[in-house]
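Student: I would like to learn how to read a structure like this one. Can we take it feature by feature?

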Amino acid sequence: MTTAPDQPLHILKTVFGFPAFRGAQREIVDHVMAGGDALVLMPTGGGKSLCYQLPALLRDGTALVISPLIALMQDQVAALRQLGVRAAFLNSTLDAREAAAAERALREGALDLLYVAPERLVMPRMLDLLEQSRIALFAIDEAHCVSQWGHDFRPEYLQLSLLHERFPAVPRIALTATADMQTRVEIRHRLALGDARVFVSSFDRPNIRYTIVDKQDARQQLLRFIRETHAGDAGIVYCLSRKKVDETAAWLKAQDVAALPYHAGMDAATRADHQARFQREEGVVMVATIAFGMGIDKPDVRFVAHLDLPKSIEGYYQKTGRAGRDGAPADAWMTYGLGDVVQLRRMIDQSEGSEEYRRVSFAKLEALLGLCETAGCRRVRLLDYFGEASEPCGNCDTCLEPPQTWDATDAARKALSCIFRTGQRFGSRHLIDVLRGHATERVEQWRHRDLSVFGIGADIDEAAWRDVFRQLVTLGFVRPDHEAFGALRLTESSRAVLKGEQRIDMRRMAPRKGKSATVRRKAAVDGLTAADASLLERLRAWRSEQARTQSVPAYVIFHDATLSAIASAHPRDIDDLSTIHGIGAKKLERYGSELMALLRG
Ligand code: ADP
Ligand code: ZN
């Protein structure tokens, strides 16, 4: 097929309603259109789908999209149909009649895209059907599922290399948001993509604001964060245990937050129901363990919160990456304290894994603690971990409010000698009572009132002492002993501090006010005149109604950004309306006059 050089751009504008390509999209599209194989590594929200959807529209035949995310296929197809694209899916949720209809459409060349589950694709009957049909390309989404060492391994993915054997002339494009080198190598190898061109994007997510706060009263901190900056927004709250998930969800609900729990201990039907509600309704807060992971394809998740420390930077980045896929401002918020460090170290210590496994786990935890304690830009630190150099971002808590450091040498010495004098048998709570001169029952019981360290730290408040102990642990001067219920013990390196030979600077955790991404966004909304703001409300109500009657998620009708653009741009006619980001020809035809009526109303 011969195509004019700007045909992809034309389709981008008219079908998708976007004015320009993002990053490497254009290059990838051109490469696949010309029949080349590609391996695309792009962060979540980077715009991977367009890389195969555009060639699907421009090449002869049907593009086969292989995805393990069966629960999402229906919504993905609904979104494409809204754009006027001929799309269908084939998976176990269809009955025989529906499946037969999709197969017939494929054979007759009546489809631009067909989404298929991997286990279905490799069935002999399906492969025969493909041979009778015209295939434009194979897109292998979530390609990291081929990695046996990754957390999303799908055995069926291993069989996908047969596509290359059976259909050598059909281009293949594999896509993933998993960044690490090992997975990359494995994908190339296992999918026989040795000759594929590799496209690696920056893994930065500039619209996500990273904030890590000192844990005081985690629930209240979370509630304040949600109320002050994300009222009515969809978000995810990650907790370590199922019990904590249940408790936190119930508690948030009692505080009038639309929260739902999700973890592997719940029955499958309830879990699926909660996932569907999160995906389709607006403003649901999902409280979840890591079991809630792949398969979240909601573009308008406005925040991802962590109530417990994840185990590694990879885990943290993957989870926070679920926020703000639509490119609008979003928050990655985490509260973290000494208790988290103690708990994770204990979990690693007591794990069944080999010595090697434990060593690697400790190193990963160290790297994460470094991120938590850094006085520099969080993003620089994150990207550096993935091998990408960058400049301070201006969109993380440490850039916005540079933490102050203070000379904590004296406080550290007091803390360390308190540990020593009390026999290295206590956790930070009791140590702080002793330092602050609180004659608690425990203090009396152990006669710690008689010690020289009793009351020597009364000038520093409790929260600041917690900071000191936590940083002493992360800096390696103190180690929690799990055999002794997390009692703090001195390490070799504490000696120099005790002797007064080493100075220690610590960062001061300022109690942060909720100056987060949404404040910016709300400010932008406040920037709208009262009339515009009320127009935006009407547009949202109209969208909800559309979504309900068509039973699709609201974002399938229009993204938030598109509605905001309409409310502030005041398009005067259909032509004006067509220039707005996210309004292509089909949506203009379908909704244009209704929108104009709303605007005039
Ligand atoms: P990924 O699959 O990489 O996570 P998606 O393909 O879902 O990302 O795209 C993320 C969001 O970015 C979607 O809302 C999509 O509509 C939008 N998007 C993609 N490409 C462009 C573009 N060139 N211009 C504007 N928006 C885009
Ligand atoms: Zn920064």
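Tutor: Start with ligand 1. One of its oxygen atoms sits 2.8 Å from an N or O atom in the side chain of Lys48. Keep in mind that this is a predicted model.

Student: Which backbone atoms have a polar atom of ligand 1 at a short listed distance, and what are the distances?

Tutor: Two residues answer that. A polar backbone atom of Gly45 is 2.5 Å from an oxygen atom of ligand 1. A polar backbone atom of Ala20 is 2.9 Å from a nitrogen atom of the ligand.

Student: How much of the accessible area of ligand 1 does the protein cover?

Tutor: Take the ligand on its own as the reference. Alone, ligand 1 has 560 Å² of accessible area, and the protein covers 86% of that.

Student: Which residues around ligand 1 come nearest?

Tutor: There are 16 residues around the ligand, and Gly45, Lys48, Ser49, Arg325 and His559 come nearest. Sort the shell by class next. It has eight polar, five nonpolar and three charged residues.

Student: Now the metal. Which atoms coordinate the zinc ion (ligand 2)?

Tutor: Look for the donor atoms and their distances. Here the donors are the SG atoms of Cys377, Cys393, Cys396 and Cys399, at 2.3 to 2.4 Å from the zinc ion (ligand 2).

Student: What geometry does the site of the zinc ion have?

Tutor: General idea: ideal angles for four tetrahedral donors are 109.5 degrees. In this structure, the angles among the four donor atoms run from 102 to 119°. Four donors count as tetrahedral if all angles lie between 85 and 135 degrees, so the site of the zinc ion (ligand 2) is tetrahedral.

Student: What spacing do the donors follow along the chain?

Tutor: The spacing is C-x15-C-x2-C-x2-C. Take the pair Cys377 and Cys393, 16 residues apart, which links distant parts of the chain. Cys377 is in the loop between helix H16 (355-373) and helix H17 (378-385). Cys393 is in the loop between H17 and helix H18 (397-400).

Student: Are Cys377 and Cys393 buried or exposed?

Tutor: Use relative accessible area, with buried meaning under 20%. Cys377 has 9%, so Cys377 is buried. Cys393 has 24%, so Cys393 is partly exposed.

Student: And where is Cys399 found?

Tutor: Cys399 is found in helix H18. Its relative accessibility is 23%, so Cys399 counts as partly exposed. Compare sequence with space too. Cys399 and Arg378 are 21 residues apart in sequence, and their C-alpha atoms are 8.0 Å apart.

Student: Next, backbone angles. What is phi of Ala192, and what of Asp256?

Tutor: General idea: most residues other than glycine have a negative phi. Phi of Ala192 is near 50°, a positive value. Phi of Asp256 is near 70°, also positive.

Student: Where do Ala192 and Asp256 lie?

Tutor: Ala192 lies in the loop between helix H10 (181-190) and strand S7 (197-200). Its relative accessibility is 32%, so Ala192 counts as partly exposed. Asp256 lies in the loop between helix H12 (242-254) and strand S10 (259-262). With a relative accessible area of 75%, Asp256 is exposed.

Student: One last residue. Is Asp481 buried or exposed?

Tutor: Asp481 lies in strand S15 (residues 478-481). At 11% relative accessibility, Asp481 counts as buried. Then check for partners. The side chains of Asp481 and Arg489 are joined by a polar contact of 2.5 Å.

Methods:
Residues numbered from 1 in each chain as written. Chains lettered and ligands numbered in written order. Predicted model: local features only at pLDDT ≥ 70, side-chain atom pairs only at ≥ 80, totals over all residues. Heavy atoms only, no water. Donors = N, O, S within 2.8 Å, 3.2 Å for Na, K, Ca; no water. Tetrahedral: all angles 85-135°; square planar, octahedral: opposite > 155°, others 65-115°. Helix = DSSP H or I, 4+ residues; strand = E, 2+ residues; numbered from the N terminus. Buried < 20%, exposed > 50% of the residue type's maximum accessible area, 1.4 Å probe, protein only. Near = heavy atom within 4 Å. Polar contact = N/O pair within 3.5 Å; in protein donor to acceptor, adjacent residues only side chain to side chain. Areas by Shrake-Rupley, 256 points an atom, 1.4 Å probe, with all protein chains shown as cover. Nonpolar A, V, L, I, M, F, W, Y, C, P; charged D, E, K, R; others polar.
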